Amino acid sequence: SPYQLSGCVAVSEHIAHLANKLVDPQGTSLAVIPCGASEVKRTASFCCKPFRVIYCGRLEQEAKRIREVVRAMQSLTAAYESVSCSIFGAGSEECWIRSAIAGNDRIAFHGKVSPDEIQEQMQQHQVVLLLSDYEGLPIALIEGMLTGLVPVCYDEPSGSREVISHDLNGKLVSDREAAVVKAIGELQDPDTWQRLSNNALLTAAKRYSYPVVMSQWWSYLSQLSHGTTLAPNDIPAQVSLQGTLPNGTFINYPPCRQNPENSRLSQAGRWGKKLRKLAKKLFR
């Protein structure tokens, strides 16, 4: 009990349900706070020539089912002359992907790029495709929706189903090929795409944008600390952590400092006492 967690945070209701079987509710509270993503200034717009589909994420067969993603893209380019596809990411299946799409000039492999470049690339597409076996809460899905992309996801029981309501803010497909082709065909109607795009953006902004998620974190920390909170806009310039390991070894961690260009050294003294009080309440 001296080392029992005060709280446990799950990124989805599905994971919270699994975690609930492992934690002691008398000693550890359980909260659901999703992963967040930043909103963008420019969002995607409808385009039919080409109508672009993007996959972003790990290039792995385990969980992500990347080979089925590629096969779905091959079926899409065979079924629709207007569709082109893009693959972004890194992983063990890269060589297989390059070989599989060789000769298909409407499926482009881009590899791993920076987060800023991903946002720019997403803005040039219309659909984000995710056909995983299971997810926690897929960041690429949230980022795509915040960019106005319509998500097309395999209907698995974990993260995606909690985010997407079929035909309201995206498409949930029952298989990884024929149903994907059908969904993309329906989304090439501009009115259908625009309706789902607007709803996807609204859902992501209301539930998964950074301001919303950070507010949930502050509320949860306030609950754990019995109402003692820090103002979210005032961040101390440095934090010194001290603690004792289970073996009795005392540790004095080095200070964690902000970038000197952005530091607010004048706030360090003002917030030092408040931080120590909050830490004592959280970790005593």
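**Exercise 1. Surroundings of Asn 169**

Locate Asn 169, which is found in the loop between helix H6 (159–163) and strand E8 (171–173), in this predicted model, and decide whether Asn 169 is buried or exposed.

Solution.
- Step 1: the cut-off for a buried residue is under 20% relative accessible area.
- Step 2: Asn 169 has 3% relative accessibility, and therefore counts as buried.
- Step 3: take the polar partners. A polar atom of the Asn 169 side chain lies 2.7 Å from the backbone nitrogen of Ser 165. The side chain of Asn 169 also makes a polar contact with the side chain of Thr 203, at 3.1 Å.
- Step 4: list the contacts, leaving aside neighbours within four places in sequence. Asn 169 is then in contact with Met 145, Pro 151, Val 163, Ile 164, Leu 196, Asn 199, Ala 200 and Thr 203.

**Exercise 2. The sheet**

Give the strand order of the six-stranded open sheet and name its edge strands.

Solution.
- Step 1: the order is E5-E4-E3-E6-E7-E8, with parallel pairing.
- Step 2: E5 and E8 each pair on one side only, which makes them the edge strands.
- Step 3: on average, neighbouring strands of this sheet are turned by 20 degrees against each other, direction ignored.
- Step 4: inspect one pair. E6 and strand E7 (residues 150–154) pair in the parallel sense over four bridges. Val 127 has Val 150 in E7 as its bridge partner.
- Step 5: add the helices. Helix H5 (residues 139–146) packs on the sheet and touches E3, E6 and E7; the direction of H5 makes about 155 degrees with that of E7. Helix H7 lies across E3, E4, E6, E7 and E8, and runs at about 160 degrees to E8.

**Exercise 3. Helix H2**

Compare the span of helix H2 (residues 66–79) with the expected value, then find what its buried residues pack against.

Solution.
- Step 1: H2 has 14 residues and reaches 20 Å from its first C-alpha to its last. This is close to the 20 Å expected at 1.5 Å a residue.
- Step 2: the buried residues of H2 are Ile 66, Glu 68, Val 69, Val 70, Ala 72, Met 73, Ser 75, Leu 76 and Thr 77.
- Step 3: these buried residues pack against strands E3 (51–56), E4 (83–88), E5 (107–111) and E6 (127–130), and against helices H3 (94–100) and H7 (178–187).

**Exercise 4. Val 53 and the nonpolar core**

Determine whether Val 53 in strand E3 is buried or exposed, and state which residues of the largest nonpolar core touch the most other members.

Solution.
- Step 1: Val 53 is buried because its relative accessible area is 0%.
- Step 2: leaving aside neighbours within four places in sequence, Val 53 is in contact with Met 73, Leu 76, Val 83, Ser 84, Cys 85, Ser 86, His 125, Val 127, Leu 129 and Ile 184.
- Step 3: the C-alpha atoms of Val 53 and Ile 87 are separated by 8.8 Å, and the two residues are 34 residues apart along the chain.
- Step 4: the largest nonpolar core has 54 residues, of which Ile 87 and Ile 184 touch the most other members. Another core, of five residues, lies apart from it and includes Ala 31, Val 213, Tyr 220 and Leu 224.
- Step 5: not counting residues up to four places away in sequence, Ile 87 touches Tyr 55, Leu 59, Val 70, Met 73, Ile 97, Ile 107, Ala 108, Phe 109, His 110 and Gly 111.

**Exercise 5. The whole chain**

State how many helices and strands the chain has, and what percentage of its residues is buried.

Solution.
- Step 1: the chain has 10 helices and 12 strands.
- Step 2: of its 284 residues, 40% are buried.
- Step 3: among contacts with a separation of 6 or more, 63% join residues 24 or more positions apart.

Notes: Residues numbered from 1 in each chain as written. Predicted model: local features only at pLDDT ≥ 70, side-chain atom pairs only at ≥ 80, totals over all residues. Heavy atoms only, no water. Helix = DSSP H or I, 4+ residues; strand = E, 2+ residues; numbered from the N terminus. Expected span 1.5 Å × (residues − 1). Buried < 20%, exposed > 50% of the residue type's maximum accessible area, 1.4 Å probe, protein only. Contact = heavy atoms within 4.5 Å. Core = buried A, V, L, I, M, F, W, Y, C linked by side-chain atoms within 4.5 Å. Polar contact = N/O pair within 3.5 Å; in protein donor to acceptor, adjacent residues only side chain to side chain. Pairing = 2+ DSSP bridges. Axes fitted to C-alpha atoms, helices over the stretch in contact; angles between N-to-C directions.
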